[in-house]
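Let's take a walk through this model together, starting from the inside and working outward along the chain. Have the structure open and follow along.

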Amino acid sequence: MTEKNKTPITEETEAPAEMATFFNARVDMYEEHMAQWKRHYKRIAELVPPTAQTLLDIGCGTGLELDGIFRRLPHLKVTGIDISRAMLEKLRCKYADKAPELICADYLRYDFKSECFDVAVAFETLHHFDIDTKTALFKKIFRALKSGGTFLECDYIAVSQQTEDSLFDEYRKIREKADIPENALIHFDTPLTLAHETKAVRNAGFIMCQTPQFLTGDDHTAIIAAVKP
């Protein structure tokens with residue numbers, strides 16, 4: 001990840017790390033780095049419906065987004081999924097009293113149960129995938145939500161089509177140069193434009209609850225709220 005208010009690019013320039021390896025190695029510094037999105041965590045927590053009883057946390061990491069959510073809804077039943085076992089263990093220790101269900105798996109390939117959740121949250125985890133991959137994931141999230149369920153996303157946004165195209169071009173070159181298998185997840189930031197991000201959400205069947213929001217002073221991070229009709 002990168003400094004606040006700068007277009008996100010990967011830290012590696014030659015051979016990016018495999019995704020789980022990248023985050024397992026950074027578990028001790030992760031929360032300090034993510035503190036720059038304090039206002040965004042607060043806003044996401046405010047958007048969780050007060051009637052919600054079950055929540056799916058996509059790419060939950062150490063569960064920073066749950067801090068504010070649990071303050072509002074202390075009895076919420078949470079299921080979190082992340083590819084990093086080290087991150088999940090830290091989350092488990094932090095919220096032992098909440099007894100969250102934690103799944104160590106690639107959420108792109110995991111088969112979620114249908115219509116089980118009132119809310120799904122994805123915070124700064126989806127900026128590594130193209131529009132087709134995101135659309136397929138959003139369809140899985142759509143199926144996992146109950147009718148009327150809410151999907152909340154906070155993530156990097158490419159500020160222009162040129163930025164999106166440039167990052168994906170660099171990503172392809174790095175994969176080709178390192179001969180990385182097609183199904184291998186690596187850590188490289190490829191955010192979509194807001195138009196493409198919202199298109200993927202809508203194509204999955206969601207209806208937007210509100211206009212995507214950029215908090216003051218940060219035009220690279222969008223908050224998207226959508227509902228399953």
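Isoleucine 141 makes a good starting point in this predicted model. Leaving aside residues up to four places away in sequence, Ile141 touches Ile58, Ala120, Phe151 and Phe206. Three of these partners, Ile58, Phe151 and Phe206, join Ile141 itself as the residues with the most contacts inside the largest nonpolar core, which has 63 residues. Strand E4 (residues 117-123) supplies the largest share of this core, with six residues. There is also a second, separate core, made of seven residues, among them Ile174, Ile180, Phe188 and Leu192.

Now let Ile58 lead you into the strands. Its bridge partner in strand E2 is isoleucine 81. Strands E1 (residues 54-58) and E2 run parallel, and five bridges join them. To get from E1 to E2, the chain passes through helix H4 (residues 64-72), in a β-α-β crossover that is right-handed.

How many of the six residues of E2 are buried? Five are, leaving this strand (residues 77-82) mostly covered.

From E2 you can step on to strand E3 (residues 101-104). These two strands also pair in the parallel sense, here over four bridges. Isoleucine 81, which you have just met as the partner of Ile58, stands opposite isoleucine 103 in E3. The connection is again a right-handed β-α-β unit, made by E2, helix H5 (residues 85-94) and E3.

How values were computed:
Residues are numbered from 1 along each chain as its sequence is written. This is a predicted model: local features need pLDDT of at least 70, side-chain atom pairs count only at pLDDT 80 or more; totals for chains, interfaces and linings use all residues. Side-chain values use heavy atoms; hydrogens and water are left out. A nonpolar core is a set of buried Ala, Val, Leu, Ile, Met, Phe, Trp, Tyr and Cys residues joined through side-chain atoms within 4.5 Å. Buried means under 20% relative accessible area, exposed over 50%, partly exposed in between (1.4 Å probe, protein chains only). Contact means heavy atoms within 4.5 Å. Two strands pair if DSSP finds at least two bridges between them. A crossover is right-handed if, with the strands pointing away from the viewer, the path from the first strand over the helix to the second runs clockwise.
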